[in-house]
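Me: I'd like to go through some of the labels on this one and see how each is earned. Take a look, then I'll start asking.

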Amino acid sequence: MSDLVRNIIRFVFFLLVQVYVLNVVPHLHQLVVPYLYFLFLLWLPFTVSRGGLLVLGFLMGISVDYFTMTPGLHAAACVLVAFVRPFIINILAPKDASEFTYREPSPKAMGWTPYMVYVLVLTILHNAYLTLLQWLSFGSLWLFLLKIVTTTAISLLLIITTELLFPRKLKFRTNTSS
Amino acid sequence: MRNIFLFIRRYSVFLGFLILQGICIWFLFTYNRSHRAKGMGVANEVTGWFNTRYNTVRYFFRMKEENTQVHKMNDSLLNLLSDNFIARDTGQPVMRDTVKLDTLGHYRRFAWRDAQAVYSTINSDKNYIQINRGSAHGIRDDMGVFSSNGGLVGKVIATSANYSQVMSLLHVQSKVNVLLKKTGSGGTISWDGNDPAFLTMSGIPKSDSVLKGDTIVTGKFSLSFPPGKLVGTVDAVIKNSATNFYTLRIRPFANFSTLQQVFVSENIDFDEQHKLDEEAKRKVDFKKTTP
């Protein structure tokens with residue numbers, strides 16, 4: 001399966017899971033909204049260009065937005081995540097894309113600790129920005145901070161669960177395109 | 001130009017990020033009602049702030065013109081102020097019952113009408129009050145004038161069509177027949193021309209007991225006003241060993257310095273009484289001269 005097909009499937013999968021499962025199941029609390037869909041962006045291959053990342057982030061976000069009837073809200077957060085992602089990867093694993101042994105960011109490719117830091121930073125970023133945009137229209141400061149912490153915690157929990165439940169079949173980079 | 005393209009190329013990702021963020025925010029604030037309301041609120045706040053500043057500057061430069069306009073406006077309004085007018089009250093002519101006998105069998109002798117003091121002095125030794133009613137309203141000479149709290153003020157001494165001149169009690173030539181309410185002894189009240197706060201009363205015999213605070217009322221034999229109306233209270237009893245009468249210092253009820261609304265009392269039978277009086281005097285004098 002090529003990267004393209006694989007990522008298209010992931011796109012649809014994350015979108016549907018986010019929209020029809022995580023947004024539908026009763027929330028633990030009104031503050032605790034589980035977000036998982038942006039994991040699609042975190043799993044994109046290293047080789048995707050930064051411009052491509054931005055466009056993909058925008059597409060993912062706007063898709064979720066049209067399901068949740070909040071145009072621009074998730075898209076803005078996703079674009080931010082897509083923009084920051086290369087910098088984080090550069091800091092945590094300062095290599096060129098060609099030097100990675102694996103195609104995508106994963107615990108195995110980066111090591112658990114750097115990978116978790118990578119996930120944590122981007123999750124906080126995503127949730128903080130998302131909540132900030134929501135908070136512009138309503139809410140107080142303490143609610144805002146509390147919401148960031150709780151949503152980040154639940155997102156991290158979901159991401160770790162996903163990583164453990166669905167270990168990706170990691171391919172080594174080869175010179176021949178598969 | 002080349003540098004601009006280089007710049008764009010170098011920061012293309014960042015620019016793309018900014019553009020996409022811009023689109024997202026635009027979507028957010030365009031299509032979400034709550035965000036839109038909030039955004040509009042902030043926008044209004046910001047534009048309002050700038051508008052206020054701008055207006056402050058603009059007002060500064062327009063101030064002179066505005067001042068001129070306001071001044072003209074004030075001038076025209078000043079001319080409309082009610083202070084410029086005096087209620088002539090021509091709509092209220094003499095309102096007097098032609099029937100002097102009412103159903104209870106009482107005979108009306110005095111009629112009252114209200115008036116406004118338009119001018120008054122207390123600082124001279126001959127103080128007058130002008131009221132806004134005159135002969136057109138039925139005011140005639142020798143009518144009594146009372147203040148709004150019922151204290152005697154004076155007598156009308158001259159009338160024009162719309163105004164009347166009142167001789168105040170604070171007039172050195174004023175002499176009014178009054179009596180001490182407690183004992184009923186009559187006397188005359190006058191003014192020595194010194195202190196506008198006090199009048200002088202004479203004619204109370206020393207056989208009466210007079211104390212400070214006793215009430216002085218108008219006498220029974222006046223042609224100008226009804227008997228028993230308040231005039232003042234005794235402020236001090238001055239004993240004069242040369243005569244057999246007290247000299248009383250009277251504090252008048254009427255506040256002459258703040259007179260505004262006054263009442264005018266009219267003796268309906270004044271003409272008759274006055275004519276009778278004159279007739280009697282003429283007869284007596286005539287008899288005297290031609291014995």
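Me: Why is B:Trp26 called exposed?

Reply: This is a predicted model, and in it B:Trp26 has a relative accessible area of 52%. The label needs over 50%, so B:Trp26 counts as exposed.

Me: And what makes B:Phe27 buried?

Reply: Its relative accessible area is 14%. Buried means under 20%, so B:Phe27 qualifies.

Me: How do you know what kind of ring pair B:Trp26 and B:Phe27 form?

Reply: Check the distance first: the centres are 5.6 Å apart, and a pair needs them within 6.5 Å. Then the angle: the planes are at 35°, while stacked needs under 30 degrees and edge-to-face over 60. That leaves tilted, so tilted is what B:Trp26 and B:Phe27 get.

Me: Why is the pair A:Phe13 and A:Phe14 called edge-to-face?

Reply: The planes of A:Phe13 and A:Phe14 meet at 65°, and edge-to-face starts over 60 degrees. Their centres are 5.7 Å apart, within the 6.5 Å limit, so the pair counts as edge-to-face.

Me: Are those two rings buried or exposed, and how do you know?

Reply: A:Phe14 sits at 2%, under the 20% cut-off, so A:Phe14 is buried. A:Phe13 is at 44%, between 20% and 50%, so A:Phe13 is partly exposed. Over all chains the count is 18 aromatic pairs, and ring pairs also link A:Phe83, A:Phe87, B:Phe14 and B:Phe17 into a cluster.

Me: On to charges. What makes B:Asp114 and B:Arg133 a salt bridge?

Reply: Their closest N and O atoms are 3.1 Å apart, and the rule asks for within 4 Å, so the pair passes. B:Asp114 is in strand β1 (residues 110–120) of chain B, and B:Arg133 is in the loop between β2 (126–131) and β3 (144–147), 19 residues apart. B:Arg133, at 3%, is buried, whereas B:Asp114, at 35%, is partly exposed.

Me: How do you know that B:Asp214 and B:Lys182 tie together separate parts of the chain?

Reply: The salt bridge itself is 3.0 Å, N to O. B:Asp214 lies in the loop between β8 (199–205) and β9 (215–218) and B:Lys182 in the loop between β6 (176–180) and β7 (186–190), so the link spans parts that are 32 residues apart in sequence. B:Asp214 is buried at 11%, and B:Lys182 is partly exposed at 46%.

Me: Why does B:Asp277 with B:Lys281 still count as a salt bridge?

Reply: The N to O distance is 3.7 Å, and the limit is 4 Å, so the pair is counted. Both residues lie in helix α4 (residues 270–289) of chain B, four residues apart, about one turn of the helix.

Me: How many salt bridges are there over all chains, and how many cross the interface of chain A and chain B?

Reply: Nine over all chains, and zero across the interface of chain A and chain B. The rule does find three residue pairs in polar contact there. On the side of chain A that touches chain B, α3(A) gives the largest share, seven residues. By class, that side has 16 nonpolar, five polar and one charged residues.

Me: And what is the area buried between the two chains?

Reply: About 1600 Å², with 77% of that from carbon and sulfur atoms.

Note on methods:
Residues are numbered from 1 along each chain as its sequence is written. Chains are lettered from A and ligands numbered from 1 in the order in which they are written. This is a predicted model: local features need pLDDT of at least 70, side-chain atom pairs count only at pLDDT 80 or more; totals for chains, interfaces and linings use all residues. Side-chain values use heavy atoms; hydrogens and water are left out. Buried area is the accessible area (1.4 Å probe) that two parts lose on being put together, summed over both. A salt bridge is a side-chain nitrogen of Lys or Arg within 4 Å of a carboxyl oxygen of Asp or Glu. A polar contact is a pair of N or O atoms within 3.5 Å; within protein, one must be able to donate a hydrogen and the other to accept it, and residues adjacent in sequence count only if both atoms are side-chain atoms. Helices (H or I, at least four residues) and strands (E, at least two) are DSSP runs, numbered from the N terminus. Ala, Val, Leu, Ile, Met, Phe, Trp, Tyr, Cys and Pro count as nonpolar, Asp, Glu, Lys and Arg as charged, and the others, Gly among them, as polar. Rings of Phe, Tyr and Trp (its six-membered ring) pair if their centres lie within 6.5 Å; planes under 30 degrees apart count as stacked, over 60 as edge-to-face and the rest as tilted. Buried means under 20% relative accessible area, exposed over 50%, partly exposed in between (1.4 Å probe, protein chains only).
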